[in-house]
Amino acid sequence: MENRMVLEMERHLSRQPVAECSNCHTEFYQGDEEVVIYDGEHFCDRQCLSEHLLENADFWEVEL
Ligand SMILES: [Zn+2]
C-alpha cells in the first residue's frame, strides 16, 4: 500500500497540483497562469469566486 503511494507520487512529481479551485475543483499547477485567492481559498477566476460566494451566502429570495 505504502509502496504504491510512493510510486504514484514519483510519477506525478513533475506535475503536482499545488491547489484546486474551491468552486469547480480544477487543479492548479506551479507555473499556471493567474488564479484568484480569496480568504485563503483558490479560484480559477472571478466567475468561479462569485459562484462560490453566492452558493455560500446567507440570503433569501422574497417577494416584495
Ligand atoms: Zn473554478
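Reader: Which residues does T26 touch, leaving out those up to four places away in sequence?

Author: A contact here means that two residues have C-beta atoms, placed from the backbone, within 7 Å. By that rule T26 touches E20, C21 and C44, with residues up to four places away in sequence left out. One thing to know early on: this is a predicted model, so local features need pLDDT of at least 70, side-chain atom pairs count only at pLDDT 80 or more, and totals for chains, interfaces and linings use all residues. Numbering starts from 1 along each chain as its sequence is written.

Reader: Where does T26 lie?

Author: Start with the vocabulary: helices (H or I, at least four residues) and strands (E, at least two) are DSSP runs, numbered from the N terminus. T26 lies in the loop between β1 and β2. Its C-alpha atom and that of F43 are separated by 8.5 Å, though the two are 17 residues apart along the chain.

Reader: How do I read burial, and how does T26 count?

Author: Count the other C-beta atoms, placed from the backbone, within 10 Å of a residue's own: 20 or more is buried, 12 or fewer is exposed, and in between is partly exposed. T26 has 15, so it is partly exposed. Of the chain's 64 residues, 8% count as buried.

Reader: What is the sign of phi to look out for?

Author: Most residues other than glycine have a negative phi. H25 is not a glycine, yet its phi is positive, at about 65°. H25 sits in the loop between β1 (17–20) and β2 (27–29), and it counts as exposed because it has 8 C-beta neighbours inside 10 Å. D39 also has a positive phi without being a glycine, about 55° in its case. You'll find D39 in the loop between β3 (36–38) and β4 (41–43); with 8 other C-beta atoms within 10 Å, D39 is exposed.

Reader: In what sense do β1 and β2 pair?

Author: Strands pair if DSSP finds at least two bridges between them. β1 and β2 have three bridges and run in the antiparallel sense, with A19 opposite F28 in β2. Their hairpin has six residues between the strands.

Reader: What pattern does the chain follow, and how confident is the predictor?

Author: Along the sequence you get α-β-β-β-β-α, that is, two helices and four strands. Confidence is given as pLDDT, from 0 to 100 for each residue. The chain's mean is 86, and 81% of its residues reach 70 or more. Among its elements, helix α1 (residues 2–11) has the lowest mean, 65, and β4 the highest, 97.
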